[in-house]
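Trainee: Could we go through this model together? I would like to learn what the terms rest on.

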Amino acid sequence: MAKKKSILDLQKMKESGEKAAWVTAYDFPTASFVEEAGMDMILVGDSLGMVVKGYKGTVPVTMEDCIAHCQDVRRGAPKTFVIGDMPFGSYQVSDAKAVENATRFLKEADMDAIKLEGGRRIASQIQAISDAGIVVFGHIGLTPQSSSQLGGFKAQGLTTDSARELIKDAQAVEDSGARALLLEAVPPEVTEFITKKLTIPVYSIGAGLPCDGQLLICGDMLGMFQAFTPKFVKKYANVAEVEINAFKEYIKEVKEEKFPTDDHVYHIKDSAEDFEKLFNEF
Ligand code: KIV
């Protein structure tokens, strides 16, 4: 098992050109499989609202939800760099509230970093959390928590006007002390420009190849999340199909009394006659 990465290792990977691979995870078993596979990082995303809890978006997710899932993931992946996602409402109100909530991810769930959404408009929160000694990952482009302001889950930076705003936001995130930036649903031309311009690692979810690494949502890449599949997702497995088929086969075997077989039951230690005598006592 490789040594747990630090933010300095992630910075060195940018400098050497080694790409970082990361996925989201929300529970103990998935986190342990991700660690076993040798992933560089895990994000405990507030996408848990959709992937785990069946909400339509991330807005209803609470600090309590995030902390509980971060704890589960940390138990499953003790040697992986794990980032806790700050939910909607946990950092917008004030710098003090942002620092208080960011601190909880480290104290209560042993996270290595936190992530929050937004550029210039949350620069002071990024600065305050960084000044408190916490590693901050920024996230701009398609920011799901403010998708209603964006008019839906829409790609960003497609026009020069929109790209200009993204570049200003990216620079503000770095200047405020963030140690990494995630670009979501941004064209590769803009991703490449921002990756070269910033000194911190720049990662993509739906932002193309020319950057420092890739993130995917585990429910999307494993074929578990059924509600919709964004254009940028590649499915590496069809776990939903595997699970549904397994459940169907189990139902059939129960109905046909083919399960359990002799292999799946406990065997008596005294003789059948002794048990017969026992049953006759009642
Ligand atoms: O919550 C999450 O998983 C995220 C990704 C969409 C980047 O923030």
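Mentor: Gladly. Let's start with a term: a polar contact is a pair of N or O atoms within 3.5 Å. Keep in mind that the model is predicted.

Trainee: What makes the pair between Ser-47 and the ligand a polar contact?

Mentor: An N or O atom in the Ser-47 side chain is 2.5 Å from an oxygen atom of the ligand. The limit is 3.5 Å, so the pair counts as a polar contact.

Trainee: How do you know that Asp-46 and Asp-85 also make polar contacts with the ligand?

Mentor: The same test serves here. For Asp-46, a polar side-chain atom lies 2.8 Å from a ligand oxygen. For Asp-85, an N or O atom of the side chain is 3.0 Å from an oxygen atom of the ligand. Both values are within 3.5 Å, therefore both pairs qualify. As for cover, the ligand has 260 Å² of accessible area on its own, and the protein covers 96% of that.

Trainee: Which residues around the ligand are the closest?

Mentor: They are Gly-45, Asp-46, Ser-47, Asp-85 and Lys-115, in a surrounding set of 13 residues. To count as near, a residue needs a heavy atom within 4 Å. By type, the shell holds five nonpolar, four polar and four charged residues.

Trainee: Why is Asp-85 counted as charged and Gly-45 as polar?

Mentor: Because Asp belongs to the charged group, while Gly is placed among the polar residues.

Trainee: What makes us say that the ligand sits in the largest pocket?

Mentor: A molecule sits in a pocket if more than half of its atoms lie within 2 Å of the pocket's grid points. The ligand is assigned to the largest pocket, which means that it passes this test there.

Trainee: What makes the bond between Phe-259 and Pro-260 stand out?

Mentor: The peptide bond is cis, with omega about 0 degrees. Pro-260 lies in the loop between helix H11 (239-255) and helix H12 (272-280).

Conventions
Residues numbered from 1 in each chain as written. Predicted model: local features only at pLDDT ≥ 70, side-chain atom pairs only at ≥ 80, totals over all residues. Heavy atoms only, no water. Polar contact = N/O pair within 3.5 Å; in protein donor to acceptor, adjacent residues only side chain to side chain. Areas by Shrake-Rupley, 256 points an atom, 1.4 Å probe, with all protein chains shown as cover. 1 Å grid on protein atoms, 1.4 Å probe; cavity = no way out; pocket = protein on both sides within 12 Å on 5 of 7 lines; lining within 4 Å. Helix = DSSP H or I, 4+ residues; strand = E, 2+ residues; numbered from the N terminus.
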